[in-house]
Amino acid sequence: MIVAAHQPSYLPTLHYLDKMAKSDLFVVMDDVPFEANRFQNRQRIKVADGDGWLTVPVVPQPDARICAARIDTQVAWRRRTWLTIETHYRSAPFFEHYADDLRDAFSQRWDRLIDLDMHLLELARGWLRVHVPIVRASSLGLDGTGSARVVDLCRKVGAHAYLSGSGASGSLDAELLGRSGISVVWQHFDHPQHAQRYPELGFLPGLGFIDLLLNCGPDARDLVFARTHPLRAHSLA
């Protein structure tokens, strides 16, 4: 079994979803410290002058884990977020196809960041038909740090291989995993180019998944996963 892991992400990117789709089990690392203004609570979309950030305000909590991070409900971020999405994507070809579910997501009251992130992840998984099982790290009682923690994760879920993003190549101790009987598989992702709003600005990669869906609709799945290395084609059935 191939396992992949990543911190929860707000409106995750295609790179994130590709990593999930190539695994047999995806572990959401919600038990690590929350880092303000990282992709845990913000994401980029395309706006009229380039890329713009959508940010969820989080109450400062020293040393809080992601699973404990609380949203600042005194800030009117939900309405502002939806108005920004609507302003820049309402003319996208498939805006109406997804608008009701997205509007509903930003109409609900959210107290914990993890609940919002997981809700949006489930929307993405459903629309892109990525059926890989998910486990939260906070339910596993992981020990150790760094690569030793990855070994413990793999042992606790029964994985023989760990799928890692290329950005971890300098920090992941592949030899340690190998001595523990765990192979390392490196993720390779070629970002697809697709239709976007404001084409005069050129193509912007690495945006939240809604950019692809609102512009390309049901064809979005094939645009993303037709380019992925076929580690686990069955997870995209």
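These are my notebook entries on the fold, the cores and the surface of one chain.

I began with the ground rules: this is a predicted model, in which local features need pLDDT of at least 70 and side-chain atom pairs count only at pLDDT 80 or more, while totals for chains, interfaces and linings use all residues. Residues are numbered from 1 along each chain as its sequence is written, and side-chain values use heavy atoms, with hydrogens and water left out.

I looked up the secondary structure and found eight helices and seven strands in the chain, where helices (H or I, at least four residues) and strands (E, at least two) are DSSP runs numbered from the N terminus.

I then asked how many of the residues are buried, meaning under 20% relative accessible area with a 1.4 Å probe and protein chains only, and the share is 50% of the 237 residues.

Next I turned to the nonpolar cores, each a set of buried Ala, Val, Leu, Ile, Met, Phe, Trp, Tyr and Cys residues joined through side-chain atoms within 4.5 Å. The largest has 57 residues, and Tyr10, Ile85, Phe209 and Leu214 touch the most other members. Helix α4, residues 113-128, gives the most to this core, with 10 residues. A second, separate core holds 18 residues, including Val3, Met29, Leu140 and Tyr162.

I followed Phe209 further, leaving aside its neighbours within four places in sequence, and its contacts include Leu11, Pro12, Leu120 and Trp127, contact being heavy atoms within 4.5 Å.

Finally I noted that the C-alpha atoms fill a box of roughly 55 × 40 × 30 Å, taken along the principal axes.
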